[in-house]
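Take a look at the chain below. This report goes through its side-chain contacts and the confidence behind them.

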Amino acid sequence: MSFFKKLKEKFVKGPESEEEKEDQKLNETEGSDEKENSPETDPAESEHQELDLQGETETLETEVPAEDTEEDTLESTVDEEDDQNVENLEESFPEEEIGAESQEEDEKASIASKFKMGLAKTRNSFSTKINDLVARYRTVDEDFFEELEEVLISADVGVTTVMEMIEELEMEVKRRNVQDPQKVKEIISEKLVEIYYGDDRAEEIEGLNENPGGLTIYLFVGVNGVGKTTTIGKLAHRLKSEGKNVTLAAGDTFRAGAIEQLEEWGKRVGVNVTKHSEGSDPAAVIYDGIQSAKSKNADVLICDTAGRLQNKVNLMNELSKVKRVIEREVPGAPHEVLLVLDATTGQNAMSQAKTFSEATDVSGIVLSKLDGTAKGGIVLAIRNELEIPVKLVGLGEKVTDLETFDAHAFVYGLFADMIEEYEEEEELS
């Protein structure tokens, strides 16, 4: 079976089976029979009931209090990880997403469709260049691979990763005796997945590690401005919606407004936040956060930290101290050290990853703002060159747009247009 076909079958829901259609018809028939056989209602009684319902509706409408949008409060207290810009969280965390499940939540898009929408910028750029390249060549030769190399580098896949990939592609094309450039698209998608996973199994590197026997601690690191605190808020919401008791620790005590921002997220999500005054010792905050989490029988503690890369030595010393406190209080913790990177910064994110991975044992990457870049190939560069898996990705502004990274869904989102073209060609043939 071709790789495009595998992706299509995995992520694209096929038409209903004949049995399902028959069941649906039967249910509709039974429903109509019940309506026909039900006793008739007296018109006067029906009108009376209608008036009662109308009266009840009017009463309910007058009793429901007006929503408090808190726009003024948000604008003054919430910033988006930037010392100079305080932004409103209203767009990234709409009021209607907290509380009762809405109709939109019942119609949530699948993981793959979220990747498809989130990777639109990368896909449009990448697919256009690949299609242009394929259209200009009648056969797969050395020049074709040289131009393909440039396309992959322009998507920020990374020079080292591209060299490795081109070498494997050339070998695979020769092995399969592929002459048609159109056929190379599918091999590219297949190799992207293989390069991402390497020798690891998917279940070994996907998803967040947990402590089955007690408190799970996630330590977040990253420079200012990458969306670290916002990501923490989104993860707290996600874990709480899964039924977990979550608490936060405001360990970024140096950046102006950082404590207030995390506290605001805590209020919106409905989780406890441990904080000290600005300028306090971060390790002391984390220590108190652990004690608070234990006393509240919390399942997960998420720790924020400072991100002053310009004071690299001091910052790394602080992170090491925080990590020692966590290890002492909860053996085996932190269960994840998650480095948040802004996907829109491309290769600059790579240099940040190298710096932080040297100072602390980064176990996973969180790529924020992946939907805002045309260079989503940075996912592969980070994984392949630093050997650190991407655990979570931000695919939009809403609180529900933080997704567990899935390499197959990523490649599907990257090649969705080509897969649809492949499907059409299959139907025609």
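Buried means under 20% relative accessible area, exposed means over 50%, and partly exposed lies in between. Lys275 has 41% relative accessibility, so Lys275 counts as partly exposed. Keep in mind that this is a predicted model.

**Confidence**

The chain averages a pLDDT of 79. Of the residues, 74% score at least 70. Two stretches call for care. Over residues 14-25 the pLDDT is below 50, and this stretch has 2 contacts in the model beyond near neighbours in sequence. Over residues 34-109 the pLDDT is also below 50, with 82 contacts beyond near neighbours in sequence. Where pLDDT is low, predicted coordinates should not be read in detail.

**Aromatic rings**

A pair of aromatic rings is described by two things: the distance of the centres and the angle of the planes. The structure holds 7 aromatic pairs. One of them joins Phe115 and Phe405, and this pair is edge-to-face. Their centres are 6.1 Å apart, with 65° between the planes. Phe115 lies in helix α6 (residues 111-118), while Phe405 lies in the loop between β8 (402-404) and α18 (407-428), so the pair ties together parts that are 290 residues apart in sequence.

Phe405 also pairs with Phe410. The ring centres are 5.5 Å apart and the planes stand at 50°, so this pair is tilted.

Are these rings buried or exposed? Both Phe115 and Phe405 are buried. Phe405 has 1% relative accessibility, so it counts as buried. Phe410 has 2%, so Phe410 counts as buried too.

Phe115, Phe405 and Phe410 belong to one aromatic cluster with Tyr196 and Tyr197. A charge joins the picture at Tyr196. The charged end of Arg383 sits over the ring of Tyr196, 5.6 Å from its centre.

**Salt bridges**

How many salt bridges does a search of the whole structure find? The search finds 25. Three of them are set out here, each with its N to O distance.

| Acidic residue | Basic residue | Distance, N to O |
|---|---|---|
| Glu172 | Lys191 | 3.8 Å |
| Glu263 | Lys275 | 2.8 Å |
| Asp281 | Lys321 | 3.0 Å |

Start with Lys191 and Glu172, whose side chains meet in a salt bridge. Lys191 is in helix α10 (residues 181-197) and Glu172 is in helix α9 (residues 159-176), 19 residues apart. Lys191 has a relative accessible area of 8%, so Lys191 is buried. Glu172 has 11% relative accessibility and counts as buried. These two residues are also part of a network of salt bridges. Its other members are Glu168, Arg175, Arg176, Glu190 and Glu194.

Next comes the salt bridge of Glu263 with Lys275. Glu263 lies in helix α13 (residues 258-269) and Lys275 in the loop between β3 (272-274) and α14 (282-295), so the pair ties together parts that are 12 residues apart in sequence. Glu263 has 23% relative accessibility, so Glu263 counts as partly exposed.

Last is the salt bridge of Asp281 with Lys321. Asp281 lies in the loop between β3 and α14, and Lys321 lies in helix α15 (residues 312-329), so the pair ties together parts that are 40 residues apart in sequence. Asp281 is partly exposed, with a relative accessible area of 35%. Lys321 is partly exposed as well, at 36%.

Definitions and conventions: Residues are numbered from 1 along each chain as its sequence is written. This is a predicted model: local features need pLDDT of at least 70, side-chain atom pairs count only at pLDDT 80 or more; totals for chains, interfaces and linings use all residues. Side-chain values use heavy atoms; hydrogens and water are left out. Rings of Phe, Tyr and Trp (its six-membered ring) pair if their centres lie within 6.5 Å; planes under 30 degrees apart count as stacked, over 60 as edge-to-face and the rest as tilted. Helices (H or I, at least four residues) and strands (E, at least two) are DSSP runs, numbered from the N terminus. Buried means under 20% relative accessible area, exposed over 50%, partly exposed in between (1.4 Å probe, protein chains only). A charge sits over a ring if NZ of Lys or CZ of Arg is within 6 Å of the ring centre and within 35 degrees of the ring normal. A salt bridge is a side-chain nitrogen of Lys or Arg within 4 Å of a carboxyl oxygen of Asp or Glu. pLDDT is the predictor's confidence in each residue, from 0 to 100. Contact means heavy atoms within 4.5 Å.
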